[in-house]
Amino acid sequence: MSRSKLQRRTFLKGLGTTMALPLLEGMRSESAFAAPSSAVAPTRMALIFFPNGAIMPQWKPTGESGPLELSPTLKPLERHKQDMLVFSGLTQHHARANGDGPGDHARNASAFLTGSQPFKTSGANIRVGVSVDQAAAAVVGKQTRFSSLELGIVRGRNAGGCDSGYSCAYSSNISWKSASTPMAKEINPKLVFERLFGSPDDKQAARGRTRRNLYRKSILDLVSADASRLRDKLGKTDRQKVEEYFSSVRELELRIEQAATKSVKPPKDFVAPSGTPRDYKQHVRLMYDLMALSFLTDSTRITTFMLGNAGSNRNYQQIGVSGGHHSMSHHRNDEKKMADIQKIDQYQVEQLGYFLDKLKAIKEAEGTLLDHSMVLFGSAIADGNKHSHHDLPIVLAGGGGGTLKMGRHLKFEENTPLNNLFLGMCHRVGATSLKTLGDSTGVLKGIEA
Amino acid sequence: MLISVTCKACEFDFQVHARFAGKRGTCPNPECGRAYRVPAPANSSPANPSAAERETQTRTTARRWRVGGKIGAASLAGVVSLLMLIVAMGGKPDASPSGDGNRAADDKTAIDKPTGQQKKQPAKNDELAGVSFDSHVSPFLQKYCYACHGPQEMNEGVAFHIFKNEKSLFKSRKLFGKVISHLQLGAMPPEDHDAQPTKKETELVVRWLDRTLFDIDCNMVDDPGRVTIRRLNRSEYDNTIRDLLGVDFHPAKDFPSDDVGYGFDNIGDVLSLPPLLMEKYLDAAETISEAVVDAEAHRPKLVHIGASKLKMSTGVRYGGGDLVGLSSSGEVFQTFDFRADGQYTLRAEAAADQAGKELAKMQFRIDGKPIKTFEVLGRQRQVTTYETTVTVKKGSHRFAAAFINDYYMPKAKDPKDRDRNLHVGSLEIDGPKNGGAAQLSAAHKRLIFVRPSAKVTVRQASEQILHRFITRSFRRPVTKAELEQFVKLVEFVVKQGDSFERGIQVAVQGTLVSPHFLFRVENDTKPHDPNAKHTVGDYELASRLSYFLWSTMPDEELLELAGKGALHRRDVLEKQTRRMLKDPRSRALVDNFASQWLNLRRFDNATPDSKQFPMFTPELQADMRTETEMFFEAVMREDRSTLDFLVGEFTFVNERLAKHYGLTDITGNNFRKVSLVGKRRVGVLTQGSILTLTSNPERTSPVKRGKWILQNILGTPPRDPPDGVPELEDPKPGEARTVSLRKQLEIHRRDPGCASCHDTMDQLGFGFENFDPIGRWREKDAQILIDSSGVLPTGEKFSSAIELVRILSKRKRDFSRSLSKKMLTYALGRGLDFYDKCAVDDIINGLERNDARFSTLILEIVNSKPFLMRRGDAGAEE
């Protein structure tokens with residue numbers, strides 16, 4: 001066997017899990033998963049964060065608002081050009097120091113979806129704001145088995161400080177359930193899959209599931225009663241912690257109830273992931289697969305995904321870039337470094353393209369899953385060298401259920417809050433009762449169809 | 001009668017009871033909290049305020065601490081200390097200003113109270129002698145700040161013209177905390193501001209503000225602090241499950257990471273509980289309870305295998321898989337799991353085609369050994385069940401039904417008499433009949449030591465089992481009401497038709513997701529009163545000890561002493577602490593404290609450039625970590641001086657690591673202790689792990705090494721660099737370095753803004769330049785000869801790493817303070833606050849008295865006020 005053949009085979013084998021999804025396309029009609037019951041498909045929202053900002057001149061479309069001309073970095077999305085909006089002028093004001101000194105990366109992650117200023121602390125009194133996904137999930141999350149799904153690629157850092165006096169909670173989470181409770185993310189595709197659909201080797205357990213859920217419910221009843229008595233005895237700070245316990249228990253109870261009525265199976269041909277791929281690209285793509293799967297099966301309508309923790313120093317040797325991402329992002333206009341960073345930017349955009357392909361390939365109601373989704377891809381740092389937080393790199397793909405007029409570059413006035421865009425997105429997933437979000441000043445105008 | 005008092009610091013007016021005249025108190029204004037002395041009543045001889053003031057001043061100088069900028073400012077507000085406040089508000093007049101109300105509690109803790117007999121020292125900060133608000137601070141603000149923060153403009157809502165004198169500043173401590181950090185950072189005034197202060201000007205103002213607003217007096221401040229309720233972190237969870245149930249698996253490995261605060265992952269404030277984690281807790285509890293308790297332990301279990309899943313030596317499956325037909329001699333079989341020694345009923349469904357004189361014979365066999373032979377009736381394929389009971393040993397056995405008398409006469413007259421066949425529909429085993437108790441796991445038997453019987457009801461058995469189990473799980477006696485809920489849960493399960501064991505299983509699962517298990521709950525009688533200080537309960541103390549030293553639950557001995565109320569006794573506490581340090585479980589201090597203090601967890605992610613350093617294999621990396629861990633453990637186990645972390649002249653190596661270090665005569669994979677006397681290495685700073693984790697992938701980083709020392713050894717982390725500071729230029733790939741790192745850094749330091757920190761940092765790092773990015777000794781970097789000499793800003797000179805380490809080791813108090821603060825943070829599970837500095841000081845003094853021994857460090861912490869006491873909560877700062 002020739003060497004190249006062997007490599008190709010090994011490659012395919014290694015990709016076994018990730019290659020599974022194309023099969024999903026034909027799956028829709030025959031499989032047993034719970035499709036959204038109404039004829040009108042629900043609108044979903046995926047919020048994707050990438051660290052360290054981008055090389056903006058290569059990223060941004062030039063000129064004023066108008067038909068979309070893709071920049072070099074966004075070129076890999078050419079085939080989705082008519083399904084996306086690219087923004088100029090959006091700002092995440094609270095990622096700025098505003099008197100708190102250094103720590104732009106931690107602020108970048110924690111302000112990205114909250115539009116709130118994180119309180120600078122190494123530990124005590126962690127506080128930022130509720131993130132948009134959680135604000136929306138609080139309103140519409142009950143309609144699906146999982147009110148939201150938080151995914152990532154790497155665990156939070158587990159020793160030492162994270163960023164200039166900010167607790168690591170700020171740099172490893174973008175999703176915040178309350179001002180003080182970050183939503184930990186799942187990084188292992190296997191565990192994501194098992195959360196969504198149960199463990200495949202758990203057939204025995206499946207038989208006793210009804211009984212088991214009955215006992216789980218009794219247990220949760222018991223412990224929440226316990227927690228409520230405990231809460232009354234505690235001081236204010238401790239109470240907040242027990243509140244977290246409560247709200248997590250409530251969420252679980254809800255899920256058990258829903259499991260009784262909505263049994264969801266993955267499409268038959270979807271190969272359950274067996275663990276975490278070592279290869280970054282495979283890992284990212286598998287996570288995108290799972291996001292598509294969670295939308296497809298209507299397990300959730302809201303997901304967040306961190307392609308890296310804030311200030312990530314990942315090495316992208318696979319695309320011929322050596323050096324840590326964060327170190328290089330302080331490029332001081334060094335052309336080589338800027339070229340390298342741009343490669344990373346584009347590489348991430350390619351993976352986004354893969355995700356959009358998946359969504360587009362799935363037929364649903366009168367269109368595709370992509371038509372019924374809003375995929376936001378961005379960061380609250382624009383220029384990684386200078387740590388600017390205005391004119392951010394933000395792409396919104398998907399039709400938002402026909403409510404968005406796509407294929408355009410939209411330029412907004414300087415310092416327009418990013419949260420204005422988020423507010424509009426929340427309304428589109430059904431959280432119409434939300435009037436403000438973080439520092440929003442209103443709904444972003446001009447995106448609508 | 002009441003005395004009217006006006007706080008000298010903030011001008012807050014309040015009243016106190018006359019009997020407190022001459023005593024000390026703390027200003028009730030939450031933004032102030034300054035110490036003062038109650039003047040004599042107005043109608044008696046005129047008070048001598050200057051005398052009182054002088055005394056306070058002296059004390060302040062005697063035991064004074066700088067309160068860390070903003071944090072200190074924020075926290076001070078929480079120290080509306082001493083009960084004077086209550087008087088001021090017309091509350092309980094019995095309360096006494098000197099804290100007498102808490103004396104009983106204080107005595108119980110056996111803490112040496114500060115005597116107030118501190119040595120009087122002259123004020124050190126003489127350079128502040130002539131500095132006052134009017135002379136320096138106000139002019140400074142006018143000149144450099146008013147333009148944007150003054151009468152004309154109030155950017156960000158900040159204006160300084162409203163501060164007319166020193167006293168007025170105290171109302172805005174938080175604001176001035178920020179002012180200080182901005183000035184230190186050089187963030188204000190902004191670059192484009194016309195007038196820029198000189199370094200000297202800024203420094204004076206910063207120091208003056210700092211001292212005036214944030215110095216505290218240990219004789220005045222008496223605050224044990226308060227730790228936020230702590231959730232078990234991942235390693236604590238795993239260890240606790242191990243010790244609680246005696247099973248060693250690691251359910252927490254799939255839990256999301258615990259966020260880190262103050263450098264550690266056991267900080268109550270930071271440990272959150274998102275839904276994902278709760279879900280994992282519930283799953284883990286289920287898995288654990290099922291692994292420990294065999295729910296069907298006392299039920300015979302029937303295992304039925306239909307034809308479609310049976311194996312056969314010959315024959316054919318037919319009838320849609322319902323039957324296996326054997327047309328010639330052979331067997332149908334399957335391997336069954338016999339769960340315990342005992343009597344099992346073996347069954348087979350069978351039918352036959354008859355021919356010849358004999359009926360079809362079916363023989364049961366276990367592992368090929370004949371058990372019983374049946375004659376199978378009937379011509380039609382109507383199946384009948386055949387069974388027998390037999391004693392079988394626990395384990396996997398092959399159970400077969402064999403056809404042993406095949407008959408085939410194709411020429412027989414009667415077509416129905418030509419062929420004898422056996423048909424098998426299923427095999428099953430049912431048992432064991434006499435229960436499988438003997439085969440139950442030790443963990444199951446430990447937990448379920450009593451079962452319902454004629455004499456014992458389900459309720460009684462559950463009560464006995466769960467009383468013990470939940471008490472251990474909650475690390476304190478379970479209350480009647482709590483126990484009752486869980487007993488009811490067992491009864492509920494049994495009522496559903498499940499076994500008693502299943503009931504216990506569910507109760508165990510419930511216990512493991514209870515907030516009392518997942519959180520380390522500590523009670524206050526007055527949870528909302530920050531002045532209500534008290535010693536923690538004995539059971540709470542047992543948990544504080546065990547989670548500090550072992551990262552797990554208290555053992556029987558601790559719980560027993562707690563039950564007797566004896567644990568608080570100083571002698572008992574010391575004895576227990578020493579016992580715990582000797583126990584193998586104190587290894588947790590290596591795994592959880594040392595690995596975070598020394599950043600070893602980050603070392604695991606170190607990725608030296610594989611082209612330059614192909615010898616840096618995963619094995620070598622593991623060796624390096626082992627070395628540092630064993631080194632730390634040796635200091636702990638041998639109760640050596642903590643200074644040995646810096647200057648210990650020994651280490652642990654195996655052959656691979658020894659070669660890496662250039663040490664000879666070490667063979668094999670086993671680690672052994674070697675002397676470093678006369679060698680070029682000493683203590684942790686020259687170990688491969690630390691040297692690698694403070695390097696860049698391609699080169700050493702004197703800056704990182706220096707910063708690491710400042711942070712982890714001297715406890716004076718440099719402030720963050722301003723935004724946009726570039727990394728050093730590295731040579732292009734493939735090109736050799738032409739300018740030494742030292743030279744490059746020297747150029748860098750010409751910028752005075754950089755020099756202030758880098759002067760120290762870089763010098764420290766240079767001392768280690770003879771060690772390459774993976775900790776090997778080198779004389780040259782590329783072609784440039786290494787110069788590892790340096791001069792510290794203090795003037796001390798060194799020419800090698802060893803000399804530098806010796807200089808560092810002379811700063812005993814700095815090192816002790818740094819280590820004590822880290823260890824105390826870890827022990828308490830909270831960030832240290834300004835008032836903890838007093839406790840830290842006591843620990844350092846203890847270390848000084850006892851040759852800085854490791855056990856002293858631990859004992860001093862265990863005996864410290866913050867470790868033994870807590871208080872109510874004023875609520876989070878806004």
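**Exercise 1. How are α12(B) and α14(B) oriented to each other: roughly parallel, roughly antiparallel, roughly perpendicular or oblique?**

The structure is a predicted model, in which local features need pLDDT of at least 70, side-chain atom pairs count only at pLDDT 80 or more, and totals for chains, interfaces and linings use all residues. Residues are numbered from 1 along each chain as its sequence is written, and chains are lettered from A and ligands numbered from 1 in the order in which they are written.

*Solution.*

Step 1. Identify the elements. Helices are DSSP runs of H or I with at least four residues, strands are runs of E with at least two, and both are numbered from the N terminus. In chain B, helix α12 covers residues 458–474 and helix α14 covers residues 500–513.

Step 2. Take the geometry. Two packed helices are described by the angle between their axes and the distance between the axes. Axes are lines fitted to C-alpha atoms, for helices over the stretch in contact, and angles run from 0 to 180 degrees between N-to-C directions. The axes of α12(B) and α14(B) cross at roughly 25° and come within 11 Å.

Step 3. Classify the angle. Angles under 35 degrees count as roughly parallel, over 145 as roughly antiparallel, 65 to 115 as roughly perpendicular and the rest as oblique. The helices α12(B) and α14(B) are therefore roughly parallel to each other.

Step 4. Assign the hand. A crossing is right-handed if the near helix is turned clockwise from the far one by less than a right angle, and left-handed if anticlockwise. The crossing of α12(B) with α14(B) is right-handed.

Step 5. List the residues in contact (C-beta atoms, placed from the backbone, within 7 Å). From α12(B), Val458(B), Ala461(B), Ser462(B), Ile465(B), Leu466(B), Phe469(B), Ile470(B) and Ser473(B) take part. Their partners in α14(B) are Phe500(B), Gly503(B), Ile504(B), Ala507(B), Val508(B) and Thr511(B). By class, this contact between α12(B) and α14(B) holds 10 nonpolar residues, 4 polar and no charged. Here Ala, Val, Leu, Ile, Met, Phe, Trp, Tyr, Cys and Pro count as nonpolar, Asp, Glu, Lys and Arg as charged, and the others, Gly among them, as polar.

**Exercise 2. Describe the packing of α10(A) and α12(A) in the same manner.**

*Solution.*

Step 1. Helix α10 of chain A (residues 280–296) packs against helix α12 of chain A (residues 335–361) at an angle of about 30°, with the axes 10 Å apart. That angle makes α10(A) roughly parallel to α12(A).

Step 2. The crossing of α10(A) with α12(A) is right-handed.

Step 3. Lys281(A), Val284(A), Arg285(A), Tyr288(A), Asp289(A), Met291(A) and Ala292(A) of α10(A) meet Gln351(A), Tyr354(A), Phe355(A), Lys358(A) and Leu359(A) of α12(A). The classes are 7 nonpolar, 1 polar and 4 charged residues.

**Exercise 3. How many residues does each chain give to the contact, and which element of chain A supplies the largest share?**

*Solution.*

Step 1. Chain A contributes 62 residues and chain B contributes 62 residues.

Step 2. On the side of chain A, α5 (168–171), β6 (181–182), α8 (209–232) and α9 (236–261) each supply at least two residues. The largest share, 11 residues, comes from α9(A).

Step 3. The side of chain A that touches chain B has 21 nonpolar, 23 polar and 18 charged residues.

**Exercise 4. Locate the backbone features of chain B and assess the exposure of the residues concerned.**

*Solution.*

Step 1. Most residues other than glycine have a negative phi, and most peptide bonds are trans. A cis peptide bond, with omega about 0°, joins Gly431(B) and Pro432(B). Pro432(B) is in the loop between β19 (419–431) and α11 (442–447) of chain B.

Step 2. Asp367(B), in the loop between β14 (360–366) and β15 (369–376) of chain B, has a positive phi near 50°. A residue is buried if 20 or more other C-beta atoms, placed from the backbone, lie within 10 Å of its own, exposed if 12 or fewer, and partly exposed in between. Asp367(B) counts as partly exposed because it has 13 C-beta neighbours inside 10 Å.

Step 3. Asp665(B) lies in the loop between α23 (655–661) and β23 (672–675) of chain B, and its phi is positive, near 65°. With 7 C-beta neighbours inside 10 Å, Asp665(B) counts as exposed.

Methods:
Two residues are in contact if their C-beta atoms, placed from the backbone, lie within 7 Å.
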